[in-house]
Amino acid sequence: MCLAVPAKIMETGDGAAVVELGGVRREISLMLIDDVSVGEWVIVHAGFAIEKLSEEEAEQTLALFREIAEADSSGDS
Amino acid sequence: MHDRILLSHGEGGKRTRDLIAKVIARYFDNPVLSPFLDAGLLGRIEGEIAFTTDGYVVTPPFFPGGDIGRLAVCGTVNDLAVCGAKAVAMSCGLILEEGLPLDTLERALAGMRDAAKEAGVPIACGDTKVVERGKGDGIFITTAGVGVSVDGWRPAPPEIRPGDRILLTGTMGDHQVAVLIARQNLAIEAPVLSDVAPLSGLLLPLLPRFAGKVRFMRDPTRGGVGVTLNEMASAANARFVLDEARLPVRESVRGVCEILGFDPLYLANEGKAVLIVAGDAADAIVAVLREHPYGREAAVIGEVAPGAAGVRMRTLAGGVRAVDYPVGDQLPRIC
Amino acid sequence: MNRGMKYIDDFRDPATAKALVERIRRDAGDAPVRLMEVCGTHTVAIARGGIRPLLSGSVTMLSGPGCPVCVTPDGYIDAAIALGTERGVLLASFGDMLRVPGKSSSLEKEKGAGLEVRVVYSPLDAVTLAAAMPDREVVFLGVGFETTAPAIGGAIKTASVREVGNFSVLSSVRTIPEAMGVLAADPEVRIEGFLCPAHVSVVIGTDAYRPVARRYGIPCVVAGFEPLDILLGISMLLRQKKEGVARVENEYSRVATATGNRKAQDLIRDVFVPCDTGWRGIGVIPGSGLRIADRYASFDAEVKFGAPVVFAPERTACRCGDVLKGKILPVDCPLFGKACVPEEPYGPCMVSSEGSCAAYYKYGVL
């Protein structure tokens with residue numbers, strides 16, 4: 001029920017945007033979010049952007065993963 | 001010539017003769033076909049004979065990277081190649097819908113001509129029928145292909161044993177995604193080209209060069225690598241274990257799969273082969289495949305393991321899951 | 001294997017997965033902890049990722065009812081088929097619905113017999129389709145949870161603004177928190193932690209689970225769908241259990257927020273009205289459905305065609321209800337793998353692309 005993918009805004013205009021994921025582009029509706037600009041990342045479900053992706057938060061989660069991976073390889077618990 | 005196919009083009013009279021002489025003959029021109037007898041006389045053929053048949057109904061008939069004509073030739077050549085045979089002649093049966101633009105037919109014939117030239121196989125005989133408007137999807141092509149076995153090689157599923165490795169000659173899913181994009185009803189733009197290609201030049205030289213090392217080959221068309229591996233595992237009564245990290249997939253194909261919820265393992269390919277080879281020859285065979293334009297992304301994707309027959313996969317997360325037959329075609333999903 | 005997709009491949013790193021699995025094994029107790037993944041997309045991600053065998057002995061994952069296809073009543077499929085065959089309507093649907101069995105048939109089988117069904121990726125594509133054929137009635141099969149409700153609502157609003165009068169929706173929208181409450185309250189199910197859906201939470205906000213966590217003392221973690229998200233989410237649930245707390249935590253912080261997407265919520269409030277709704281295999285859950293509001297009645301296929309969807313109890317041999325409630329595992333159903341297989345599914349859990357039974361059958365190591 002939740003298949004949605006992160007994609008980058010490439011063009012915006014008139015309630016819609018063109019997003020790109022892995023070189024693949026599709027037009028999607030911006031009806032459900034405000035203030036997106038080119039270069040931002042959004043989550044796309046069924047042809048709509050349902051939310052922005054926070055690159056900062058993503059980086060924090062990835063940093064946590066790195067910490068966990070390093071702790072494991074150095075034998076800590 | 002009219003600019004569209006008419007029913008009279010299929011009736012055997014003057015219009016049919018015109019179609020053959022003025023259109024078809026311009027694309028297929030070889031000593032066997034040119035007399036336009038009721039059969040192509042191939043002469044004496046030495047060696048073990050292989051024989052295959054196929055039908056091509058792809059919609060739309062033209063898609064990025066290929067067309068129905070190229071598909072018809074390559075599909076036939078490849079069915080023979082994975083059985084170790086070089087195609088020596090093929091047939092071309094055309095079923096055309098009344099109203100088909102002549103230009104469409106000619107583009108398809110050009111696709112066949114170019115592919116046949118590349119593969120070195122003459123179109124030795126043919127037939128043309130026209131069906132009423134609404135009773136055919138533009139153009140259907142049926143083929144049969146005769147081939148001669150190279151080196152007496154035969155597919156040998158019973159030879160497959162633990163320790164053998166599973167090879168794939170390149171990336172998965174390119175063809176099906178290219179056709180899907182060409183249908184234009186998903187409004188997706190993706191730089192994906194069909195991989196449709198004749199593989200005889202890629203595969204047949206391996207057989208004498210690595211004599212005794214190539215056990216079994218198949219081309220993963222409809223249903224993709226997933227279905228083909230299941231069929232092979234079944235035929236061999238063997239257990240295949242794949243490595244998810246080693247599956248070759250283009251980024252753009254992955255992008256489409258992520259958006260629509262598809263699994264690239266089950267997407268059709270038209271220019272790829274799966275090979276089961278002796279473990280000690282796998283790396284050398286991959287190296288040779290990679291030297292060829294149609295094998296640049298060849299890779300070892302798994303191995304044959306002891307245990308119950310079936311197909312399994314080691315996942316990126318470090319677990320294991322089954323790779324079973326899918327039920328029906330994949331459809332765009334929200335879940 | 002191509003590894004360059006941003007915000008996807010980073011969350012599939014094998015070394016980190018291994019470390020998280022180690023963490024889970026260390027934090028788990030003597031008996032496997034019973035966690036429920038509510039969302040069908042999590043069920044499939046866990047199955048496809050081969051994660052279940054990694055958790056063996058530490059965690060038992062129960063699959064919950066968050067599969068909108070699984071919980072859609074067979075009366076809905078029958079109503080859709082009737083609209084097509086008796087009223088000449090062109091049906092537009094997500095691919096997920098095609099093979100779901102109704103009482104005696106499915107959309108796919110009827111398609112073979114002449115029913116017109118178009119698979120679309122977005123509900124907006126169905127509006128476009130309707131606009132292009134003004135002489136035909138087009139009905140979109142609006143199935144989903146809160147992730148999809150705004151998209152379905154968006155399509156209705158678009159049709160309204162563009163005056164596409166031949167477009168309507170046969171709605172089958174359900175909401176998650178009420179169903180979680182029913183399961184949390186059921187003593188037979190014994191859930192020790194909820195892995196909450198990523199994208200439902202993006203819309204409704206992670207705070208939506210606070211009543212469940214507080215009232216039933218069950219830890220809730222919202223997690224993304226990539227393997228690392230799922231493993232970290234499970235690890236966070238185990239740590240809450242170890243600490244003896246029951247909070248709502250958000251692993252999917254890169255997209256989900258506490259309050260969710262206000263604009264999407266406003267749209268849902270504009271187009272839909274909460275109602276009591278039947279869930280296939282479970283029964284009626286009060287306040288768990290969204291029906292189309294009266295002001296958009298002309299886009300409500302049930303009203304337009306006078307074709308109410310009937311919810312009726314299930315064929316008794318099918319145990320999808322118990323599977324959906326996490327009471328039994330798919331392998332415990334007597335029909336599993338025998339009378340009920342993906343090619344000939346008896347119940348929705350086997351046919352849905354993310355049904356628990358289908359996931360077990362297709363990806364489980366049998």
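Start with two helices of chain C, α1(C) and α12(C), which run roughly parallel to each other because their crossing angle falls under 35 degrees. The model on screen is predicted.

**Stop 1: the helix pair in chain C**

Select residues 14–27 of chain C for α1 and residues 227–243 of chain C for α12. Their axes come within 9 Å and cross at roughly 20°. Seen as a crossing, the passage of α1(C) over α12(C) is left-handed.

Now show the side chains where the two helices meet. On α1(C), pick T16(C), A17(C), L20(C), V21(C), R23(C), I24(C) and D27(C). Facing them on α12(C) are P227(C), L228(C), L231(C), L232(C), I234(C), S235(C), L238(C), R239(C) and K242(C). Coloured by class, this contact shows 10 nonpolar, two polar and four charged residues.

**Stop 2: where chain A touches chain C**

Keep chain C in view and add chain A. Chain A puts 30 residues into the contact, and chain C puts in 46 residues. On the chain A side, select β4 (41–45), β5 (48–52) and α1 (55–73), the elements that each give two or more residues. Of these, α1(A) supplies the largest share, eight residues. By class, the chain A side of this contact has 19 nonpolar, seven polar and four charged residues.

**Stop 3: two domains in chain B**

Hide chains A and C and turn to chain B. Colour residues 7–149 as domain 1 and residues 157–322 as domain 2, following the domain assignment. The centres of the two domains of chain B, taken over C-alpha atoms, are 28 Å apart.

Which elements of domain 1 of chain B give two or more residues to the side that touches domain 2 of chain B? They are α2 (68–81), β4 (85–97) and α3 (102–119) of chain B. The contact involves 22 residues from domain 1 of chain B and 23 residues from domain 2 of chain B. On the domain 1 side, α2(B) gives the largest share, nine residues. That side is made up of 13 nonpolar, five polar and four charged residues.

**Stop 4: the sheet in chain B**

Switch to a cartoon view of chain B and find the open sheet of seven strands. Reading across, the order is β9-β11-β7-β12-β10-β13-β14, and the pairing is mixed. At the edges lie β9 (214–218) and β14 (320–322) of chain B, each paired on one side only. From one strand to the next, the twist averages 25°.

Finish at the β14(B) edge. Select β13 of chain B, residues 310–314, which pairs with β14(B) in the antiparallel sense over three bridges. Within this pair, R312(B) stands opposite A322(B) of β14(B).

Key
Residues numbered from 1 in each chain as written. Chains lettered and ligands numbered in written order. Predicted model: local features only at pLDDT ≥ 70, side-chain atom pairs only at ≥ 80, totals over all residues. Contact = placed C-beta atoms within 7 Å. Helix = DSSP H or I, 4+ residues; strand = E, 2+ residues; numbered from the N terminus. Nonpolar A, V, L, I, M, F, W, Y, C, P; charged D, E, K, R; others polar. Axes fitted to C-alpha atoms, helices over the stretch in contact; angles between N-to-C directions. Parallel < 35°, antiparallel > 145°, perpendicular 65-115°, else oblique. Left-handed = near helix turned anticlockwise from the far one by under 90°. Pairing = 2+ DSSP bridges. Domains from an automatic or database assignment.
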